[in-house]
Amino acid sequence: MARQVIAFRTGDAARMAAARHIREIVFCQEQGVSADLEWDGKDDACEHFLLTDGETALACARVRPYEPGCFKIERVAVLKEHRGRGLGAEIMEALMARLGSKTLVLYAQTAVEGFYTRLGFASEGAVFQEAGIDHIKMVRHSR
Ligand SMILES: CC(C)(COP(=O)(O)OP(=O)(O)OC[C@H]1O[C@@H](n2cnc3c(N)ncnc32)[C@H](O)[C@@H]1OP(=O)(O)O)[C@@H](O)C(=O)NCCC(=O)NCCS
């Protein structure tokens, strides 16, 4: 089956349910993020991305306007059993291609800093905690 990355908004109920399912499994169940933090009320302000293989959704991400000319990437997740075979990079590349030359910011879990470094992001400032997990701000400047 062919893989593809689809961009959508919360009004697309079926795709939103698929993205929420991945986030529930990865962030809430696997990483122990609380429901309050995960479902933060910002989904309607975001463009969402889903990587599918045929009918099966394997990865998700969301992006929202952050500052003028700058967007924030959040909730990047690949189902555990599908990690390590390029799907995370694939959804990020598609997302970055869609956003064009915009400056992109994200708060990376320090455990995956190297994943974002490979994609052209640079770390800024000190490590901080979010949802009880160490994070660092990373930026990919407009190009
Ligand atoms: C982070 C995550 C999205 C990466 O997805 P993935 O599909 O496993 O990553 P890929 O296979 O596309 O890896 C792409 C590159 O990043 C590297 N990479 C992946 N995870 C890495 C990590 N934790 N640390 C350093 N490098 C990493 C890979 O080795 C690969 O490098 P290469 O191009 O030189 O071979 C995935 O591990 C995940 O969903 N983790 C749980 C949720 C999470 O923590 N999300 C991030 C929130 S900030």
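User: In this predicted model, in which sense do E3 and E4 pair, parallel or antiparallel, and over how many bridges?
Analyst: The model is a predicted one, and in it strands E3 and E4 form a hairpin with two residues between them. Within this pairing Pro65 stands opposite Phe71 in E4. The sense of the pairing is antiparallel, and the number of bridges is seven.

User: Which residue in the turn of the hairpin formed by E3 and E4 has a positive phi?
Analyst: The hairpin of E3 and E4 leaves two residues between the strands. In that turn a positive phi of about 75° is found, and the residue that has it is Gly69.

User: Which residue of strand E4 has a positive phi although it is not a glycine, and is it buried or exposed?
Analyst: The residue in question lies in strand E4, and its phi is about 55°, a positive value at a position that is not a glycine. It has 22 other C-beta atoms within 10 Å, and since the cut-off for burial is 20 or more, Arg75 is therefore buried. The name asked for is Arg75, and its class is buried.

User: In which sense do E4 and E5 pair, and which residue in E5 is the bridge partner of Ile73?
Analyst: Strands E4 and E5 are joined over four bridges, and their sense is parallel. Together with helix H3 these two strands make a right-handed β-α-β unit. Elsewhere in the pairing, Cys70 stands opposite Thr103 in E5. For Ile73, the bridge partner in E5 is Leu106.

User: Which side chains along E5 point to one face and are buried?
Analyst: The side chains of E5 alternate, with Thr103, Val105, Tyr107 and Gln109 pointing to one face, where they are not buried. The other face takes the remaining three named side chains, which are buried: Leu104, Leu106 and Ala108.

User: Over how many bridges do E5 and E7 pair, and which residue in E7 is the bridge partner of Leu106?
Analyst: E5 and E7 run in the antiparallel sense and are paired over six bridges. In E7, the residue that partners Leu106 is Met138.

User: What separation do the C-alpha atoms of Val139 and Val105 have?
Analyst: Val139 lies in strand E7, and because it has 16 C-beta neighbours inside 10 Å, it counts as partly exposed. Leaving aside neighbours within four places in sequence, Val139 is in contact with Thr103, Val105, Phe121, Ala122 and Glu124. Although Val139 and Val105 are 34 residues apart along the chain, their C-alpha atoms are separated by 4.5 Å.

User: Which residues touch the most other members of the largest nonpolar core?
Analyst: In soluble globular proteins, nonpolar side chains tend to be buried together. The largest nonpolar core here has 29 residues, and the elements that give two or more residues to this core are helix H1, strands E2, E3 and E4, helix H3 and strand E5. The members that touch the most others are Ala59, Cys60, Ala61, Ile73, Ile91 and Leu95.

User: Which residues does Cys60 touch, not counting residues up to four places away in sequence?
Analyst: Cys60 is one of the residues that touch the most other members of the largest nonpolar core. Not counting residues up to four places away, its contacts are Ala19, Ile22, Arg23, His48, Phe49, Leu50, Arg75 and Ala77.

User: How many residues surround the ligand, and which are the closest?
Analyst: By class, the shell around the ligand holds 10 nonpolar, five polar and three charged residues. Strand E4, helix H3, strand E5 and helix H4 each supply at least two residues of that shell. The residues surrounding the ligand number 18, and the closest are Arg83, Gly88, Ala89, Gly114 and Phe115.

User: Why does Gly132 count as exposed, and what separates its C-alpha atom from that of Val33?
Analyst: Gly132 is placed in the loop between strands E6 and E7, and it counts as exposed because it has 10 C-beta neighbours inside 10 Å. In the loop between E6 and E7 there is also Ala131, which is partly exposed with 14 other C-beta atoms within 10 Å. Gly132 and Val33 are 99 residues apart along the chain, and the separation of their C-alpha atoms is 8.0 Å.

Key: Residues numbered from 1 in each chain as written. Predicted model: local features only at pLDDT ≥ 70, side-chain atom pairs only at ≥ 80, totals over all residues. Near = placed C-beta within 6 Å. Nonpolar A, V, L, I, M, F, W, Y, C, P; charged D, E, K, R; others polar. Core = buried A, V, L, I, M, F, W, Y, C linked by C-beta atoms within 7 Å. Buried ≥ 20, exposed ≤ 12 C-beta atoms within 10 Å, placed from the backbone. Contact = placed C-beta atoms within 7 Å. Pairing = 2+ DSSP bridges. Right-handed = clockwise from strand over helix to strand, strands pointing away.
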